[in-house]
Amino acid sequence: MALAWTHAMRMAAGASTKPTHRGQRRRRREATRACAKLAKDADFDTQVFEKEAVDFAGSKEYIVRGGRNVFSNVKDAWKNIKTVGVIGWGSQAPAQSQNIRDTLQEIGMEDQVKVMIGLRPGSKSAAEAEKAGFDPENGTLGEVFDVIKQSDLVILLISDAAQATLYPKILEAMKPGATLGLSHGFLLGVMQSEGAAFREDINVVLVAPKGMGPSVRRLYEQGREVNGAGINASFAVHQDVTGDATDVALGWSVALGSPFTFKTTLESEYKSDIYGERCILLGAVHGMVEGLFRRYVRQGMSEEDAFKHSAESITGRVSKTISTKGMLGVYNMLDDAGKEEFMRAYCASLKPAMDICYECYEEVASCNEIRSVVMHGARLERFPMGKIDGTRMWQVGKEVRATRKEEDIPLNPFTAGVYVATMMATILTLREKGHSYSEICNESVIEAVDSLNPYMHARGVAFMVDNCSTTARLGSRKWAPRFDYNLEQQAYVAIDEGSGIDEEIKQAFLDDPVHQALAACADLRPSVDISVSASGSENAGSVRPELVAS
């Protein structure tokens, strides 16, 4: 992220100084105090890495900066790690295993620390792992529980449903004093719902990259040219029995190529992550673009133009503008008529979107959503998830992408208003539920516009829905229709009946401190955008094996 657009984002963040209404000011103060309290609780001590204080909209938080210049610190952080076992080969495992292996090679530790892949016997993924250089002949590819028994750091990257079923055997197989590494707090939610606990003689840590696996790998590779290129990550230490769990976790994050790492908790991570992927990261955008496409066709647009003004506008101009200038940057790019149309759409969409966001968050926090994923996982063999890209809209999308000219993609103000309103609804819910600004910005904005949306733009929203993790795929299918219907039945009807601009909602958006927090995040991002082709030739966005046509 270049300094030029960091300045632009800061200018946008300070664009409005008018007071908001009393009720809005009160809600904002309460939410900001909650963010500040959580940030205070998120301090940590490290003996190896340099900790840095950052001001996120008046909330002081701590981070560790990554980059190839600090790769060498992994030696000290992992002084007691001799074997890293990466279990699974889904979205994250190919990226994380190869990034760690490459980092160890770069700092001369490839003979001191072995990276192994653990797969179940007969796994269809074995061929892919071997293609990436993991081989049973040299001891870097083995059976799941054999690898777990040998590993000092077990990075558990199998599906959430599999974790829910297998965790007792996994915990039993681990060596005393070993570290269980998670990239998702889902397992904690499962165990809490079952009244179970982690073994008391192991460390339990989390490193959660704020992007899908292909993005983690692709930006690491780009980082060879631009130091620090990568995907931000959160980390958590849930249990530390050896006294060095914090540095083990930070070493893992740095080895993945994370530009900066911030602290969270397992519970906060699974709530924000599962919620986020059902909202603005995947489910909401899936439902939103289908509804907008239908709306524009009804209004007389051709199918090709309707796709451009819905999906293409969001994954193209809108996302790129947010990535470089923030949400306010989208609004400020419009002329007076465009600003009015944006704000009418924003004001009408915010409450219907937030209605679904709140419901979704509370379903996740209560573990209902986790139980739903586990139950659905048990049905998958009988009722496998099909692909969604066969419907007319997504077939039109293939034709549009085949002849796309980036300069011709429209910045549709109505589409932008609906999208930004849903993004703000996602943000406001997290803030009111007490999440820190670092987590809010990364889970609701940065992961969307800098990781997921570039892949959606290159290969289609439907492709992403069909190729993300099982938990995210299930969530998108479940919640996308909720956003679609609520927006159509409430927001669009209100607009069509002549609803105007709600000045309180408008001013609250213009003044929201999240714009300042995003500007702080912008200062921490390297000046490189993810590069991804429509064909996936960069080997970072390959199709899930079970979806390849026979």
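Which residues of strand β7 point one way, and which the other way? Some notes on that strand and its surroundings, bearing in mind that this is a predicted model.

1. To take the question head-on: in β7, which covers residues 179–182, Thr179 and Gly181 point one way, while Leu180 and Leu182 point the other way. Whichever way they point, all of these residues are buried. That fits the usual pattern, since side chains in a regular strand alternate between the two faces of the sheet.

2. On one side, β7 pairs with β6 (residues 153–156); the two strands are parallel and share four bridges. If you want a spot to look at in that pairing, Val154 stands opposite Leu180 of β7. The link between these strands includes helix α7 (residues 160–173), and β6, α7 and β7 together make a right-handed β-α-β unit.

3. β7 also pairs with β8 (residues 203–209), again through four bridges and in parallel. Here Thr179 has Asn203 of β8 as its bridge partner. To get from β7 to β8 the chain passes through helix α8 (residues 186–194), and this β-α-β crossover is right-handed.

4. Away from those strands, have a look at Asn99, which sits in helix α4 (residues 93–106). Asn99 counts as buried because its relative accessibility is 0%, and the cut-off for buried is under 20%. Leaving aside residues up to four places away in sequence, Asn99 touches Val216, Arg217, Tyr220, Ala255 and Leu256.

Key:
Residues are numbered from 1 along each chain as its sequence is written. This is a predicted model: local features need pLDDT of at least 70, side-chain atom pairs count only at pLDDT 80 or more; totals for chains, interfaces and linings use all residues. Side-chain values use heavy atoms; hydrogens and water are left out. Buried means under 20% relative accessible area, exposed over 50%, partly exposed in between (1.4 Å probe, protein chains only). Two strands pair if DSSP finds at least two bridges between them. A crossover is right-handed if, with the strands pointing away from the viewer, the path from the first strand over the helix to the second runs clockwise. Contact means heavy atoms within 4.5 Å.
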